[in-house]
Amino acid sequence: MSTRYFGARVTRNEDPALLTGRGLFVDDVRLPGMVHGAVLRSPHAHARLRRVDARRARTAPGVLAVFTHADLGTLGDPLPKLIPHPALTHQKTQHALAPDTVRYVGEPVAFVVAESRYAAEDACDLIEVDYTPLPAAATLEAAAAAGAPRVHDDMDSNICAHYTQRVGDVDAAFAQAAHRFRERFVIDRGASCPMETRGVVASWDARTRRLDIWDSTQAPIPIRNGLAQMLGLAEQDVRVVAPDVGGGFGPKIMMFYPEEILVPFAAMRLGRAVKWIEDRREHLVATNQEREQIHDAEIAVDSDGGILGVRTIFLYDAGAYIPYGLIVPIVASTTLPGPYRVPNYHCEFRAVFTNKTMVSPYRGAGRPHGVFVMERLLDRVARELRVDRAEVRRRNFIQPDEFPYDVGLIYQDNAPLRYDSGNYPACFDRALELIDYSGWDARQSTARAAGRLLGCGVACYVEGTGIGPYEGARITVEPSGRVFVATGVGTQGQGHLTTFAQIAADVLGVSPRDVTVRTGDTGLFGWGTGTFASRAATVAGNAVALAAKAVRDKARIVAASLLEAPPEEIELSNGNAFVRGVASRSVTLGALARAANPLRFAMPKEWEGPGLEAVRYFAPSQGAFSNGVHACVVEVDAETGGLTIERYVVVHDCGRVINPLILEGQIQGGVAQGLGGAFWEKLAYDDQAQPLSTTFMDYLLPTAAEMPPLAIAHLETPSPLNPLGVKGAGEAGVIPVAAVVVQAVEDALAPFGIHITEAPLSPSRLRQLIVEGRRSP
Amino acid sequence: MAVREIALRINGRTHTGRAEPRKTLADFIREECGLTGTHLGCEHGVCGACTILMDGEAVRSCLMFAVQAEGAELMTVEGLADGNRLHPIQQAYWEQHALQCGFCTPGFLMTTLAFLRDTPRPSEREIREALAGNLCRCTGYQNIVKAVAAAADTLASGAHPDAWPAFARSVAVPAPATQPECASASDAPNPPVSKKTRAASGTRRKGARDQSRPAKRRRS
Amino acid sequence: MKPAAFEYHAPDTVEEALGLLEAHGDQAKVLAGGQSLVPLMNMRLARPAVIVDINRIHALDHLTPDGDALRVGALCRQRSAERSAIVAARCPLLHAALQLVGHVQIRNRGTVVGSLAHADPAAELTAVLAALGGTVTAVGPDGTRTIPADEFFVSYLTTSLDPRELLTEARFPTLPEDAGWSWMEIARRHGDFALAGVGVVLAVRRGRIAEARIGLTGVGPTPMRAVRTERALAGRAPADALWTEAADAVREEIDPEGDIHASAEYRRHVAGVLTRRALAEACARTAKAA
Amino acid sequence: MKLEGTNTLAAPIETVWKMINDPDALRRCTPGLKELKEIEPDHYEATLNVGIAAVKGTYKGTLTISDKRAPSHYMLVLEGSGGTGFMKGVGLVDLEPQGEGTLLKWTGDMQIGGLIAGVGQRMLGGVGKMLIGQFFKCLEQHLGEDV
């Protein structure tokens with residue numbers, strides 16, 4: 001197929017509307033008679049609900065209803081268990097409204113509907129709730145310990161899962177190793193914080209018994225299917241639209257957040273359209289969080305620093321419930337080996353309930369943890385063996401001729417973890433080149449002589465992407481000649497309306513501007529799972545390609561009869577079908593679409609059906625594995641703990657690149673989130689699990705002033721697993737950032753002999769480490 | 001509660017609606033005026049998604065009450081493009097891929113508009129600090145910084161004399177490009193600055209759209 | 001996150017405003033720039049029954065040189081003061097600090113006097129007023145009174161202002177011609193509240209420190225002047241060793257609190273570092289001034 | 001949030017003991033206390049309006065005194081909840097004679113939850129100390145007046 005647009009820096013189809021204020025985000029949806037919801041949330045991390053008295057609230061001005069658990073009927077049952085796993089022995093899920101116990105600050109207790117959000121919040125103030133506070137399991141370590149306050153009193157501990165995977169014979173490997181190094185790594189909590197918070201609008205038509213929902217979700221189709229089931233409606237009568245979604249990054253896929261039940265419920269009960277928009281303070285307690293893990297890790301190497309074995313035993317903070325299952329800790333475990341040969345590997349984790357907000361995948365989804373552990377272990381090896389850190393890594397890379405490479409583990413999609421393709425050493429060398437690693441030592445000592453503390457870091461990762469089960473696409477050519485693509489994966493800023501258009505445009509010989517891509521509307525396409533795990537471009541993208549080819553073939557057949565030439569001689573370009581070599585014998589795609597939908601006479605059997613339309617699905621057998629290397633140079637002010645990131649480079653290989661402009665944007669954004677998690681963003685809780693950072697004054701997203709200039713280079717090792725040869729890239733930017741920044745900071749502060757095993761850092765914490773470093777001999 | 005009639009001048013048009021005094025300017029613009037391009041990302045004055053221009057200066061519309069804006073000239077993202085013709089700043093954001101989900105974008109655009117009026121030839125550092133009052137979670141800012149620099153070049157070329165509609169002109173800073181960083185007229189003792197220069201800015205531009213005539217301060 | 005209901009008044013004159021404050025006492029809250037108050041109201045941490053919006057009292061919108069001080073009216077936006085050539089020339093410490101107050105969108109609306117009245121323990125302008133030994137003017141039922149900075153700031157968000165009083169202006173003493181100055185602060189991000197901040201004014205005459213003023217923010221319930229340190233510097237010859245001495249003296253003089261962003265020890269430490277650096281910078285500027 | 005401090009009071013230990021058990025003194029000195037209703041000895045219903053400047057919250061709750069070891073020790077527990085969240089303060093007070101006067105040692109553990117904890121962390125510690133400081137300062141004055 002021609003590749004005129006595939007691979008080009010095509011500016012985005014979605015932008016003109018977004019730039020002029022004509023986007024449609026959930027909060028922009030206005031319906032006649034629409035009323036507004038507000039959620040009353042628990043101020044306690046753990047408490048018994050003795051009494052919820054809403055009498056005063058119900059009679060407050062403008063209030064239509066106040067719902068508590070008692071009003072919900074079967075919708076008050078525990079919410080669905082999303083992804084079960086044999087090792088997950090206690091998959092607790094929360095209720096849409098708490099029946100008798102609250103287990104984290106922010107857990108919904110009551111839902112108010114009023115004429116305005118203002119009135120709804122007034123009413124929340126009038127609801128009287130008697131709580132009996134219970135001791136809280138506040139920290140991961142304490143919660144895992146014997147005798148800790150139990151988050152769920154029908155369990156005898158807070159451990160809800162214990163899972164181990166092994167490769168080779170780790171004990172033997174450690175026994176005979178020349179060197180063994182042990183570390184404890186702590187990674188703290190963070191929040192995804194899309195600029196658009198969550199929101200739901202629901203409208204119920206009692207006559208047609210149809211339910212329309214606008215939801216800022218990453219998975220509209222599963223939401224529709226689940227709601228239809230819970231509400232006893234036909235899937236066809238429930239339409240869920242994820243319109244423009246203002247960023248997702250993982251936590252906007254949950255199935256179900258309580259509000260995704262409460263809003264439709266209220267709309268049906270009241271016969272009024274209901275809108276609920278999460279405010280930022282709610283977002284920082286009521287939208288899933290991530291990142292908290294504690295790893296006890298150990299590496300065994302030979303005298304040259306060759307890896308013999310790695311062992312990590314870690315605790316995973318699930319928060320108060322675990323609807324999403326074990327995805328994050330499994331991804332952390334399976335990402336850890338990365339681009340390195342790890343012949344013997346033991347990963348074991350315990351998932352632990354705490355009285356904190358739930359955890360589900362946030363961009364990276366455990367990958368940053370695995371990479372942090374592995375890269376920090378290799379830094380330790382390099383230091384102890386006095387081998388250059390780049391050299392240690394080079395010695396352990398999986399080589400280009402070793403693909404497909406079987407890591408020997410089971411990945412998050414329950415398929416064997418088998419790397420499809422890549423060239424790790426080439427990626428690494430390019431990154432060292434971009435950061436001028438060969439000149440680094442000289443530069444660092446010159447700077448030190450001048451009293452400046454510069455540090456350099458370099459870290460590698462492999463990213464599992466593009467997992468199944470499947471996605472699909474329907475492509476239709478309209479009589480206008482305009483091409484419509486409908487697919488089930490929603491979009492939250494990744495540019496699918498453009499990349500999918502490029503793919504279709506090349507096949508059908510039109511411009512991407514002539515292709516309208518519609519995503520995230522179950523009314524337009526009802527099959528699919530959602531946008532997660534860097535899978536949209538790979539799975540849906542290939543479905544689009546397959547559907548486009550089918551439409552092209554149909555167009556050739558129809559054109560053949562109109563142009564009186566054999567189908568194989570028909571070509572498509574510039575919106576026309578023409579006979580190869582005879583441009584004059586041509587017909588427009590629009591004319592073909594009209595011809596393919598005749599009003600009279602017999603329709604040729606080989607047309608199969610009317611119109612230029614086809615639906616195709618793509619179901620990959622396993623995930624495709626991208627990889628990359630990040631490197632950075634930082635300067636640390638040892639007196640203040642201030643950090644300046646001077647330069648940051650990313651070399652990245654996600655197979656064939658559909659649109660470099662969009663790919664670079666994905667990586668730039670990921671790096672910014674990674675840097676946030678490395679130095680600025682920390683969700684603080686006190687010793688009673690009270691969240692202390694529930695505003696943007698205290699939860700610190702990096703701004704333009706903090707971000708470094710970023711240089712990005714691509715390698716393209718096509719994936720053999722799909723026709724387009726693509727791999728996912730959505731999470732690449734974020735994965736190794738904490739590892740690379742911490743390594744660079746440690747390098748800068750080498751004169752103080754400090755050793756960093758945690759993220760995020762802060763000026764205050766750096767000063768503390770420096771002081772302690774000075775004290776320790 | 002005391003609902004009252006509120007009339008606002010937005011993008012050169014008068015919009016009226018009824019609201020309590022507690023209704024924030026952002027909510028009024030979105031709900032009563034139907035201009036939903038102005039977004040709410042935090043409602044406590046940090047994220048900048050709700051940034052609009054008030055008398056030509058970028059402000060957080062979530063930190064004002066609608067009733068306070070009576071008599072002022074407001075500009076929202078909807079006032080930026082000229083029909084289907086994108087404003088040079090919007091064009092630059094598009095070409096540089098300076099937006100992904102697009103939720104924060106209107107706030108960035110309005111901040112950029114006022115910034116480039118006051119600082120026509122900014123350094124990268126100046127751009128980054130000028131944008132630090134707007135949060136973006138998708139782009140990592142790199143392409144936004146590039147877009148602002150690109151827009152600065154386009155505007156400095158003088159090819160777009162109408163780049164600042166009347167309601168984007170500052171009452172505190174006289175002319176755009178002509179006099180970048182001028183001393184605030186507010187050195188003068190009272191009567192207040194705003195009125196004086198407002199009058200000035202009203203008469204200065206002949207042939208500018210009629211909205212450029214100074215709005216009379218209404219009593220509330 | 002929507003504010004609770006309130007009764008709204010937008011008087012045109014100081015007299016009307018005072019009448020309203022008199023009538024409603026501590027039920028009323030004065031709204032000027034609102035960049036600190038409105039976030040608190042949106043979160044319903046602050047629920048004033050009555051809002052007295054002074055934004056239409058145009059008489060308060062001024063910035064006036066007055067002898068050896070600048071008079072800043074209660075409606076003068078931080079951004080106007082920042083853009084003012086006279087502030088830059090005659091009160092460079094204020095000019096420098098202003099640029100670090102939040103972000104431009106905040107300063108376009110926020111007022112200088114409003115920031116003083118809000119008395120955030122980590123604000124910049126409060127410390128500038130303290131360092132310069134400035135005053136604020138309050139008008140109330142018992143007439144007009146002038147309150148020196150060190151009597152005005154009482155504690156966290158708390159001033160000695162009576163609920164029935166209105167702050168009409170602040171006086172920032174201008175710097176002596178030959179004085180050097182420096183504002184230094186550490187914040188987590190550009191535009192954030194300072195973890196610690198220091199404003200310094202230094203006059204060196206005949207090789208001796210004739211005047212040293214050190215104002216600190218973020219290291220206690222109120223902005224403070226490091227009076228003991230200032231005294232220790234007076235009459236000494238400028239030298240790096242002296243700045244280091246001053247740094248230790250300041251660490252002695254303050255008693256900061258810790259929070260999730262920085263420990264008390266950290267704040268104490270960096271307050272010293274900033275003091276040393278600010279004194280050095282101010283001293284270099286005196287050289288230029290002389 | 002753990003806090004502690006000492007105050008030296010210019011009165012004999014018995015006088016101080018009497019005072020820190022005196023409802024009037026508690027009524028006058030507990031910061032923001034609007035109402036203190038004795039349910040039974042050492043057990044009160046309390047309504048407080050505490051906070052700083054415009055940031056004030058009304059809390060309904062209880063004040064109890066227990067673990068009494070006259071004249072040298074007791075535990076004071078102040079609990080309340082309201083629109084801006086909830087608070088629980090546990091204070092251990094120990095008295096020992098010091099010359100003419102009395103040395104009052106106190107250690108407090110303050111729990112604050114909900115809205116105020118989530119958005120007010122920057123000043124919470126300092127304000128807590130300040131309020132407790134006010135409490136004892138007031139007791140001293142009270143004492144001054146009594147003696």
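What radius of gyration would a compact globule of 777 residues have, and what does chain A have? Select chain A of this predicted model and keep its whole trace in view: a compact globule with 777 residues would have a radius of gyration near 28 Å, and chain A, at 28 Å, agrees with that. Turned along its principal axes, the C-alpha trace of chain A spans about 95 × 75 × 50 Å. For the complex, the predictor gives an ipTM of 0.96 and a pTM of 0.95.

**Chain A as a whole**

Colour chain A by secondary structure, and you will have 19 helices and 29 strands to follow. If you colour by burial instead, buried residues make up 62% of the 777 residues in the chain. Among the contacts of chain A that join residues at least 6 apart in sequence, 80% are between residues at least 24 apart.

Next, colour chain A by domain, taking residues 15–22 + 468–618 as domain 1, 31–134 + 192–286 as domain 2, and 360–466 + 622–775 as domain 3. The C-alpha centres of domain 1 and domain 2 of chain A lie 38 Å apart, and where these two domains of chain A meet, domain 1 contributes 16 residues and domain 2 contributes 17 residues to the contact. On the side that belongs to domain 1 of chain A, facing domain 2 of chain A, there are 2 nonpolar, 13 polar and 1 charged residues.

**Strand 13 and its partners**

Select residues 293–301 of chain A, which form strand 13; this strand is mostly covered, with 7 of its 9 residues buried. Now add residues 179–187 of chain A, strand 8, which pairs with strand 13 of chain A in the antiparallel sense over 9 bridges. To find the register, show A:Phe185 together with A:His295, its bridge partner in strand 13 of chain A.

Then add strand 14 of chain A, residues 307–319, which runs antiparallel to strand 13 of chain A and is joined to it by 9 bridges. Here a pair to display is A:Ala297 with A:Thr312, its bridge partner in strand 14 of chain A. Which residue takes a positive phi in the hairpin of strand 13 and strand 14 of chain A? Follow the 5 residues between the strands and stop at A:Gly305, whose phi is positive, near 85°.

**A three-stranded sheet**

Move to the open sheet of chain A whose 3 strands lie in the order 4-2-6, with antiparallel pairing. Its edges are strand 4 (101–102) and strand 6 (128–133) of chain A, each of which pairs on one side only. Select strand 2 of chain A, residues 47–53, and you can trace its antiparallel pairing with strand 6 of chain A over 6 bridges; one place to look is A:Asp53, whose bridge partner in strand 6 of chain A is A:Glu128.

**Where chain B meets chain A**

Show chain B beside chain A: of the 5 pairs of chains that touch, chains A and B have the most contacts. The contact takes 45 residues from chain B and 40 residues from chain A. On chain B, select helix 2 (88–95), helix 3 (105–118), helix 4 (124–130) and helix 5 (142–156), each of which supplies at least two residues of the side that touches chain A. By class, that side of chain B has 24 nonpolar, 14 polar and 7 charged residues.

Before leaving chain B, colour it by pLDDT: the mean is 82, and 77% of the residues of chain B reach 70 or more. Residues 174–220 of chain B stay under a pLDDT of 50, although the model has 81 contacts beyond four places in sequence for this stretch. Where pLDDT is low, the predicted coordinates should not be read in detail.

**Chain D**

Finally, select chain D, which has 3 helices and 7 strands, arranged from the N terminus on as β-α-α-β-β-β-β-β-β-α. Its radius of gyration is 15 Å, close to the 15 Å that the globule rule gives for 147 residues, so chain D is as compact as a globular protein of that length. The C-alpha atoms of chain D fill a box of roughly 45 × 30 × 25 Å along the principal axes, and buried residues make up 37% of the 147 residues in the chain. Chain D averages a pLDDT of 88, with 97% of its residues scoring at least 70.

Chain B and chain D do not touch, and their nearest C-alpha atoms are 11 Å apart.

Definitions and conventions. Residues numbered from 1 in each chain as written. Chains lettered and ligands numbered in written order. Predicted model: local features only at pLDDT ≥ 70, side-chain atom pairs only at ≥ 80, totals over all residues. Pairing = 2+ DSSP bridges. Helix = DSSP H or I, 4+ residues; strand = E, 2+ residues; numbered from the N terminus. Rg over C-alpha atoms; globule rule 2.2 N^0.38 Å. Buried ≥ 20, exposed ≤ 12 C-beta atoms within 10 Å, placed from the backbone. Contact = placed C-beta atoms within 7 Å. Domains from an automatic or database assignment. Nonpolar A, V, L, I, M, F, W, Y, C, P; charged D, E, K, R; others polar. pLDDT = per-residue confidence, 0-100.
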